[in-house]
Amino acid sequence: RGGASGHPLDAAWQGMGGPQWIASALFALFACHTALSLTAPPLCFTDPGPISPSPPRADHRATSPRSSRSPSPHRSLLCSIPAPTAAARAARTRMPLRGGSESPDSHQFRVPVWEGVLNYVNLWPLQGAPALNTGAAARSQEGGEEEGTQGDGGTEGAAALSASLRKSITMLYGKHVAEDGSGVDYRGLGESGEFEEYKGLARKLQHVNVGSMGEDEKVAFFVNIYNSLLIHSFAELGTPADMLSRLRLYAVAKYDIGGLIYSLNDIENGILRGNAKPPTPLAKQPFREGDGRREFACANPDPRIHFALNCGAKGCPAIRFYKAEKLDADLGRAAEAFCSGVEVDEGGGAVKVSMIFQWYREDFAANDEGMLRYIQGHVKGPKSEAIERLIAKGGFKIQHLPYDWDLNSK
């Protein structure tokens, strides 16, 4: 998830030690590649005939399961890469902020590999798209001026707006989210009238006073906003085309809340995790000294928020709406539902858990026994008893199940 929001490349990076010089080399390589691609002629022969009359050789690609096409005998490998046109070079200099008519799939969000890699190692210097609830893109089709968004002194109470957002989100969820919260009809949602109404309400977030919220109200508010912003970004910017694009989307999908900008990564790691470093290479605290958002970071982060944040993948927790007055009970139910997927192999002395417990390990416990104790607190019956026996026996191991990153569309 956020920065997150899921990190399948992290183990490989940590295995290499994650040195700073690797990231610097990547940036230098990208700069050289960009310069050469804009100035150098294509490496291709103009003669469409064979390069040389060398005798035919067996081509192992023809029988490889990785390729169903046999190679053309009239073109070299270099010539199989078409020379970039002027239009393609011009398009490549623009950062793709959303899926559009120029992309193969107009409902996909896609970024170049080099941008995704630099974003993953926290070296991408650009801010990306504007907040989704500001500017013309956020206005309803009936658009115009933002009427009724300001209350007393230009500030609308967070409680009143939360109630309005709750009603709007409930309508959206009821029509476009699966009953068990496991899937979303992103295309249908993006084309619905209810979504236009929601965007009008989302604009009002610019006038919310986060500082007036109590701790539970703030946690419930930002959990709901995270899940709503994720759905909004998938519907507006497009669903991520690949893993690097997904991680980039968590950084560029943003809302203006109370005059300050919050990305999905900022909400998860900056607010809900108490300004903790995301589990990515070269990561830093989201909010530095002097950042106006820093004062709103949760003082005592609750690790159960990891069972409430939905990152748009099938492996993520289900989508629910959280209320401040019932936050503890609601997070408890979310934790029980998520931990019900834990697998206990008592004979093999292993407990198999979601990768979320690996990525955010420090949020849950200091060691393996503490981790099992935490999980045991959210499971019941025979599974809890089996975990207790494994802890008493000792020598257990924690294994992590593969994360399902398939889109949670329905």
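Here are some questions and answers about burial, helix packing and the nonpolar core in this predicted model.

Q: Why is Lys-199 called buried?
A: The cut-off for buried is under 20% relative accessible area. Lys-199 comes in at 7% relative accessibility, so it counts as buried. Lys-199 sits in helix H7, residues 193-203.

Q: What makes the pairing of Lys-199 and Glu-196 a polar contact?
A: A polar contact needs a pair of N or O atoms within 3.5 Å. The side chains of Lys-199 and Glu-196 make theirs at 3.3 Å.

Q: Why is H7 called oblique to H8?
A: H7 and H8 pack at an angle of about 125°, and their axes are 12 Å apart. Perpendicular would take 65 to 115 degrees and antiparallel over 145, so an angle that fits none of the named ranges goes down as oblique. That's how H7 ends up oblique to H8. As for handedness, the H7 and H8 crossing is left-handed.

Q: Which residues in H7 and H8 meet?
A: From H7 you get Phe-195, Tyr-198 and Lys-199. On the H8 side they meet Ser-228, His-232, Ala-235 and Glu-236.

Q: How do you know whether Val-252 is buried or exposed?
A: Buried means under 20%, exposed over 50%. Val-252 has 4% relative accessibility, so it's buried. Val-252 belongs to helix H9, residues 243-252. Skipping neighbours within four places in sequence, Val-252 is in contact with Phe-109, Gln-127, Gly-128, Ala-129 and Leu-237. Its C-alpha atom is 7.9 Å from that of Leu-264, twelve residues apart along the chain.

Q: Why is H9 described as largely enclosed by the rest of the structure?
A: Nine of its ten residues are buried, so the description follows. The buried ones in H9 include Leu-244, Arg-246, Arg-248 and Tyr-250.

Q: What makes Asp-242 a cap for H9?
A: A side-chain oxygen of Asp-242 lies 3.3 Å from the backbone nitrogen of Leu-244, at the N-terminal end of H9. Set that against the 3.5 Å limit for N and O pairs, and Asp-242 caps the helix.

Q: Which helix gives the most to the largest nonpolar core, and which residues touch the most other members?
A: The core has 87 residues, and those touching the most other members are Leu-205, Phe-222, Tyr-255, Ile-257, Leu-272, Phe-307 and Phe-357. Helix H8 (residues 215-236) gives the most, with twelve residues.

Q: Which residues does Phe-307 touch?
A: Not counting residues up to four places away in sequence, the list includes Pro-317, Tyr-322, Phe-338, Cys-339, Phe-357 and Tyr-374.

How values were computed:
Residues numbered from 1 in each chain as written. Predicted model: local features only at pLDDT ≥ 70, side-chain atom pairs only at ≥ 80, totals over all residues. Heavy atoms only, no water. Core = buried A, V, L, I, M, F, W, Y, C linked by side-chain atoms within 4.5 Å. Buried < 20%, exposed > 50% of the residue type's maximum accessible area, 1.4 Å probe, protein only. Helix = DSSP H or I, 4+ residues; strand = E, 2+ residues; numbered from the N terminus. Contact = heavy atoms within 4.5 Å. Polar contact = N/O pair within 3.5 Å; in protein donor to acceptor, adjacent residues only side chain to side chain. Axes fitted to C-alpha atoms, helices over the stretch in contact; angles between N-to-C directions. Parallel < 35°, antiparallel > 145°, perpendicular 65-115°, else oblique. Left-handed = near helix turned anticlockwise from the far one by under 90°.
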